[in-house]
Amino acid sequence: MAKLAVITLVAVASAYAAKSFFPDLSPFFLSLPLLLLLPFALFSGSGSDTPPGPVSFPIVGNWLQVGNDLNHRNLVDMAKKYGNVFLLRLGARNLVVVSDPKLATEVLHTQGVEFGSRPRNVVWDIFTDNGKDMVFTEYGDHWRKMRRIMTLPFFTNKVVQQYREMWEEEMEILMAARDGKRLRCAMDYILEAEMNGEITSDNVIYIVENINVAAIETTLWSMEWAIAELVNHPNVQQRLRKELWDVLGDEPLTETNLQRLPYLQAVAKETLRLHSPIPLLVPHMNLEEAKLGGYDIPKRTKVIVNAWWLGNNPEWWHKPEEFRPERFLDEEKEVEALVGGKVDFRFLPFGVGRRSCPGIIVALPLLSLIVGKLVKDFEMVTPPGVDKIDVTEKGGQFSLQIVNHSTIAFHPIAP
Ligand code: HEM
């Protein structure tokens, strides 16, 4: 309503100005501003009580104002202007951005079913043949079946145990390529489901594709961030190395003894907080009209949770811009990286609830194991002549990566 009043005021003011410059102008031309601006008012959030946001224009919506670069930092700037839940119109599609832990709880947990779908777009439809995968598929029976079929081979504690030996071997040869024998074991389950007729051969392809995208890249990005920060913070690296040697001595670092290494876990958490590999989670969508923070959310709205901001807002974190794993041992010692149970909604690098990352069970120990192993056996430093590793970020809608890959020098630690 307020928007309509402002627009009418602007239109009347321009008509009045036009009249004083061109007193002979016909009434039609004088009312032209009002006629042109009225549709904007009518198209932008009118009718129901949708969340606030920039004034949107017919057909293009807010494209011209916000452009294509909807990264986590741009969205923070907009949240400061429009609030913790705001609406953008991108062409014909509504996009709601959530930037507050309470509202994130609503979207991901309390109303997890209502907001548990995924938006469709042409690119995903092509890559997933209209949602035959799991990550990008709509909420419903197909998603449930895919998640169930993928759980046993990929997302259980048993898998972590099963792959433990392989990871440990791999780390011994510093992440060299392997024969893939055990990966075939995981794929056996999937192929069995195909033979039983539970899924089609297309689904198998998209499962492999999903694992490729969701699992490998994300884990690699977080490792790269962790290594870069440890090189730039030699005191953190030193403290971590001390913990590793004090607790383990000559004992090798394995998945089972991660529990005894709180500082290592804190380093992993701090890396995922400051450099969340998927800063905006994977977009959610409500299949039906819903309510959020008192506002009406039209059905099939794309809903983005700015998880990075939840973990980096100075209102909720002490000096969030600092890489300081100690925070997870001191003032934030209760905070765990979880996707269910007693979750702190300020820290959601893996999301939470129904569409949360099932790979957390693999990703977290793997990140800690690799970082721990490297730090225990090597001092990681910048190459000669380089002062700091460049940690400039490249943020997109789906990823938060380091712009420039750097070279690191590894000095073996004498046992
Ligand atoms: C550091 C590593 C990783 C991070 C930070 C990460 C983060 C995430 C996030 C934020 C989501 C979306 C949650 C949401 O939409 O609410 C997600 C979904 C998903 N992740 Fe991960 N992930 C990681 C590693 C993995 C691994 C190793 C796997 C597989 C082994 C995996 C498999 C998946 C799948 C299948 C989904 C889609 C779940 C669904 O839509 O129901 N991720 N991940």
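This is a guided tour of one protein structure, stop by stop, with a suggestion at each stop of what to select.

**The whole chain**

Begin with everything shown as a cartoon, and keep in mind that the model is predicted. The secondary structure of the protein comes to 15 helices and 10 strands, and of its 415 residues, 38% count as buried. If you consider the contacts with a separation of 6 or more, residues 24 or more positions apart account for 68% of them.

**Around the ligand**

Next, select the ligand and the 26 residues around it, of which A215, G351, C357, G359 and A363 come nearest. Which elements give two or more residues to this shell? They are α8 (141-154), α11 (201-232) and α15 (360-377), and α11 gives the most, with seven residues. If you colour the shell by residue type, you should find 17 nonpolar residues, seven polar ones and two charged ones.

**The nonpolar cores**

In soluble globular proteins, nonpolar side chains tend to be buried together. To see the largest nonpolar core here, which has 66 residues, select V98, V107, V267, V305 and V371, the members that touch the most other members. Helix α15 supplies the largest share of this core, with 10 residues. Now centre the view on V267, which, once its neighbours within four places in sequence are left aside, is in contact with A226, V236, L240, P325 and V371. Apart from the largest core lies another one, of 16 residues, and W143, Y206, I207 and I211 are among them.

**Helix α5 and its two faces**

Select residues 72-82, which form helix α5, and then pick out H72, L75 and M78, which are buried. Where do these buried residues of α5 lie when the helix is seen down its axis? They fall within an arc of 115°, so they line one face of the helix. On the face turned away from that buried side, you can select the exposed residues D77, K80 and K81. To see what covers the buried residues of α5, show the elements that include β1 (85-90), β2 (93-98), α14 (307-310), β8 (393-395) and β9 (400-402). Before leaving, look at G83, which follows α5 and has a positive phi, near 115°.

**Two loop residues with positive phi**

Move to I59, which has a positive phi of about 70° although it is not a glycine. I59 sits in the loop between α3 (32-43) and α4 (63-66). Is I59 buried or exposed? It counts as exposed, because it has 11 C-beta neighbours inside 10 Å, and a residue with 12 or fewer is placed in that class.

Then select L281, another residue other than glycine with a positive phi, in this case near 55°. L281 is found in the loop between α13 (262-274) and β3 (284-285). L281 is buried, because 26 other C-beta atoms lie within 10 Å, while 20 or more are needed for a residue to be called buried.

**A last stop at D246**

Finally, select D246, whose place is in helix α12 (residues 234-248). With 9 C-beta neighbours inside 10 Å, D246 counts as exposed. If you add L261 to the selection and draw a line between the two C-alpha atoms, the separation is 9.9 Å, for residues that are 15 apart along the chain.

Terms used
Residues numbered from 1 in each chain as written. Predicted model: local features only at pLDDT ≥ 70, side-chain atom pairs only at ≥ 80, totals over all residues. Helix = DSSP H or I, 4+ residues; strand = E, 2+ residues; numbered from the N terminus. Near = placed C-beta within 6 Å. Nonpolar A, V, L, I, M, F, W, Y, C, P; charged D, E, K, R; others polar. Core = buried A, V, L, I, M, F, W, Y, C linked by C-beta atoms within 7 Å. Contact = placed C-beta atoms within 7 Å. Arc of directions from axis to C-beta.
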